[in-house]
Amino acid sequence: MFAAFSNLSKDVRQYMLVTFNYWNFTVTDGALRMLVVLHFHQLGYTPLEIASLFLFYEFFGVVTNLIGGWLGAKLGLNRTMNVGLGMQVLALAMLAVPSTYLTVPWVMLAQALSGIAKDLNKMSAKSAIKTLVPDERQGALYQWIAILTGSKNALKGAGFFLGGLLLTTIGFKGAVLAMAGVLLGVLCLSLFALDKDMGKAKQKVKFSHIFSKSSSVNILSAARMFLFGARDVWFVVALPIYLGQVFGWEHSAVGGFLALWVIGYGFVQGIAPRITGKTKGVVPDGKAAMGWAGVLALITAGVAFGVQSGWQPGLTIVGGLLVFGAVFAVNSSLHSYLIVSYAKDDGVSLDVGFYYMANAMGRLIGTVLSGWLYQVAGLATCLWVSFAFLAVTTVISLWLPAHPKPQVAN
């Protein structure tokens, strides 16, 4: 197996290493989120208090993506990726303290480190693909991004299931220690094998460059912010607690359902190029992103109406949100491709970092609203706010440009 790996081209080997790194990180990230939601709900925390535990996680994600893109261009993507891994190990170790020390400020601090780590790792992985695919091969770029993004979300779903399972079997402390050990091994491999100059800008990178000067990147970033706010306003806190409180599901059942949701979501992301027409030689542009956002808004309105009217709650929530997940996956995959395509070639992480800053801002807004709205008004209100965010995403997407690069489908 090692000989076969060595015979692959350098770019393919680096792609596989980046993906392996990202995969392992993503499993722990999904598991940790589920562990924190379920464990602290079990301890009696209110939905708003649980949402507050993720406040620094999301806030520092905003800061990290803004500054991390500059660091990636200046120092190299291998360094930002490895720093992210190291910080996640530290964050997990901080949560392994005795339960009496797991105060809200301490957990928020650990989550802040985890948020920085996650976004350094994600920004590095997405930017790295741009450096490994020739600029004229837009179809191949779309395919590689779709595979990376789809597999990541499938594994994040597996992480949700793993988090619920580990909490049930070995407890909170045992779970975070086990994950820290795995990531430490991945970090050692990454330090040894990743290209030392991956993604490092050839020209001098000024700190002022962290703010994108590209109108297409700015428009797409605004659309992304509302897209992910629309997902997290019901998904992060409201839905897991609703499934336990209203449906009476056990921790493992909640984790299992959300795991299947995200795994399916990741699978659809991976095949999004086929859904959007790559087999016919079509590479998507801003018009495609606008159309898919509009479809998602209509689906969300239907689910929100069903939940509010009380019509077949199980079917509406489980079935409706599965459909939501599939269409959301196509939207997310389109955005992930478009940002890498729109980004400039030298110092790609600057544009990608700015875009994921907007992504993190959407998650931050959605997370806070998820806990607050669910506590004061219930799941239906969370879904109506999700619909409003998606309507804004659709309108913003009207200004997305057509594809600016040569469109070669393979």
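## Aromatic pairs and other local features

The structure holds 17 aromatic pairs. Rings of Phe, Tyr and Trp (its six-membered ring) are paired if their centres lie within 6.5 Å; planes under 30 degrees apart are called stacked, those over 60 edge-to-face and the rest tilted. This is a predicted model, in which local features need pLDDT of at least 70 and side-chain atom pairs count only at pLDDT 80 or more, while totals for chains, interfaces and linings use all residues. Residues are numbered from 1 along each chain as its sequence is written, and side-chain values use heavy atoms, with hydrogens and water left out.

**Ring pairs**

A pair of aromatic rings is described by the distance of the centres and the angle of the planes. Trp234 and Phe324 have ring centres 5.2 Å apart and planes at 85°, so this pair is edge-to-face. Trp234 belongs to helix α9 (residues 215-235) and Phe324 to helix α14 (residues 313-342), so the pair ties together parts that are 90 residues apart in sequence. Helices (H or I, at least four residues) and strands (E, at least two) are DSSP runs, numbered from the N terminus. Both Trp234 and Phe324 are buried; buried means under 20% relative accessible area, exposed over 50%, and partly exposed in between (1.4 Å probe, protein chains only).

Ring pairs also link a cluster, made up of Phe160, Phe228, Trp234, Phe235, Trp261, Phe324 and Phe328. Another edge-to-face pair is formed by Tyr242 and Phe247, at 5.5 Å centre to centre and 70° between the planes. Tyr242 is buried, at 12% relative accessible area, whereas Phe247 is partly exposed, at 25%.

Tyr242 is one of the buried residues of α10, together with Ala238, Leu239, Pro240, Ile241 and Leu243. Helix α10 (residues 238-245) is mostly covered, with six of its eight residues buried.

A charge also meets a ring: Arg33 lies over the face of Phe54, at 4.4 Å from the ring centre. The criterion is that NZ of Lys or CZ of Arg is within 6 Å of the ring centre and within 35 degrees of the ring normal.

**Single residues**

| Residue | Place | Relative accessible area |
|---|---|---|
| Ala175 | helix α8 (residues 171-193) | 0%, buried |
| Ser216 | helix α9 | 12%, buried |
| Gln312 | loop between α13 (286-309) and α14 | 48%, partly exposed |
| Val368 | helix α15 (residues 348-377) | 33%, partly exposed |

Leaving aside neighbours within four places in sequence, Ala175 is in contact (heavy atoms within 4.5 Å) with Leu35, Leu166 and Ile170. Ala175 and Leu92 are 83 residues apart in sequence, yet 9.1 Å apart in space, C-alpha to C-alpha. Ser216 touches Tyr342, Leu400 and Pro401, residues up to four places away in sequence not being counted. Gln312 has a positive phi of about 40°, although it is not a glycine.

**A nonpolar patch**

Val368 joins Leu55, Phe56, Phe59 and Val63 in a nonpolar patch on the surface, with about 350 Å² of accessible area together. Helix α4 (residues 55-75) gives the most to this patch, with four residues. Patches are made of residues with over 30% relative accessible area and no salt bridge; like charges are joined within 9 Å, and nonpolar side chains (Val, Leu, Ile, Met, Phe, Trp, Tyr) within 5 Å. A salt bridge is a side-chain nitrogen of Lys or Arg within 4 Å of a carboxyl oxygen of Asp or Glu. Accessible areas come from the Shrake-Rupley method with a 1.4 Å probe, and for residues only the protein chains shown count as cover.
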